[in-house]
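User: Could you take a close look at one part of this model, the empty spaces inside it and the residues around them, and set it out as one connected account?

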Amino acid sequence: MAQLQLNNFEEFKAWKKKKLPSSDWLTVTQEMINDFAKATMDFQWIHVDVEKANNHSPFKKPVAHGFMSIALLSKMLADTVYIKSTTMAVNYGLNKVRFPSPVVVNSRVRLNVIIDAIEEYKPAGLKVIWNCTVEIEQSAKPACVAEFISLMFE
């Protein structure tokens with residue numbers, strides 16, 4: 001879907017409790033999974049040993065790390081909304097996270113998000129709670145559901 005483009009925080013605040021456009025579909029490749037394993041030093045075979053995963057995993061393919069879904073939230077949020085006046089945005093934390101379904105290699109995922117809460121954060125900032133669902137194409141269950149918190153500044 002098309003990215004929502006807003007001029008400033010005042011326009012953004014009008015989107016509280018509303019669903020934003022979905023992010024673009026993103027294919028989760030084995031290269032991405034391997035790179036994430038290197039970055040986190042989590043080399044569990046179900047992620048990085050393609051032959052073993054194909055033969056012994058209940059999913060019959062390698063699967064992405066659950067935390068990779070969390071790591072992709074910032075990128076996918078940027079796909080959904082752009083606020084022209086924002087000078088900086090940072091991750092603040094997570095309240096709730098669940099991984100209902102694994103992301104097998106070469107699956108496509110996208111973000112569906114609702115802005116749950118917006119609070120003033122001094123100086124010149126907002127604390128935003130995003131209600132995030134990482135959808136897997138052609139799957140009844142999502143890869144991840146999370147209450148993600150970020151700080152944004154003008």
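Analyst: What follows goes through the cavity, then the pockets, and then a histidine and a helix. The model is a predicted one, and the description should be read with that in mind.

The structure holds one cavity of 30 Å³ or more, and the largest cavity encloses about 50 Å³ of space. Its lining is made up of Val-28, Ala-64, His-65, Met-68, Ser-69, Leu-72, Met-76, Val-103, Val-109, Val-134 and Ala-143; by class, nine of the lining residues are nonpolar and two are polar, with no charged residue.

Of the pockets, the largest has a volume of about 300 Å³, and among its 15 lining residues Leu-77, Ala-78, Val-81, Ala-89 and Met-152 are the closest to its centre. Two or more lining residues come from each of α6 (73-80), β3 (81-83), β4 (88-98) and β7 (144-153). The lining of this largest pocket divides into 10 nonpolar and five polar residues, and no charged ones.

The second largest pocket has a volume of about 150 Å³ and is likewise lined by 15 residues, with Ala-64, His-65, Gly-66, Pro-102 and Val-103 nearest its centre. Helices α3 (45-48) and α5 (66-71) each supply at least two residues of that lining, which by class has nine nonpolar, six polar and no charged residues.

His-65 thus appears both in the lining of the largest cavity and among the residues nearest the centre of the second largest pocket. His-65 sits in the loop between α4 (50-56) and α5, and because its relative accessibility is 3%, it counts as buried, the cut-off being under 20%. Apart from neighbours within four places in sequence, His-65 is in contact with Ile-33, Phe-36, Ala-37, Asp-42 and His-47.

Of these contacts, Ile-33, Phe-36 and Ala-37 are, together with Gln-30, buried residues of helix α2 (residues 30-40). Viewed down the axis of α2, the buried residues fall within an arc of 125°, so they line one face of the helix. An α-helix has 3.6 residues a turn, so residues three or four places apart point the same way. The face of α2 turned away from the buried side carries the exposed residues Glu-31, Lys-38 and Ala-39, while the cover over its buried residues includes α3, α4 and α5. Just after α2, Met-41 takes a positive phi of about 60°.

Note on methods. Residues are numbered from 1 along each chain as its sequence is written. This is a predicted model: local features need pLDDT of at least 70, side-chain atom pairs count only at pLDDT 80 or more; totals for chains, interfaces and linings use all residues. Side-chain values use heavy atoms; hydrogens and water are left out. On a 1 Å grid over the protein atoms alone, a cavity is a set of points where a 1.4 Å probe fits but cannot get out, and a pocket is an open set with protein on both sides within 12 Å along at least five of seven lines; lining residues have an atom within 4 Å of a point. Grid points are joined across faces, edges and corners, and a volume is the space filled by probe spheres set on the points. Ala, Val, Leu, Ile, Met, Phe, Trp, Tyr, Cys and Pro count as nonpolar, Asp, Glu, Lys and Arg as charged, and the others, Gly among them, as polar. Helices (H or I, at least four residues) and strands (E, at least two) are DSSP runs, numbered from the N terminus. Buried means under 20% relative accessible area, exposed over 50%, partly exposed in between (1.4 Å probe, protein chains only). Contact means heavy atoms within 4.5 Å. The arc is that of the directions from the helix axis to the C-beta atoms.
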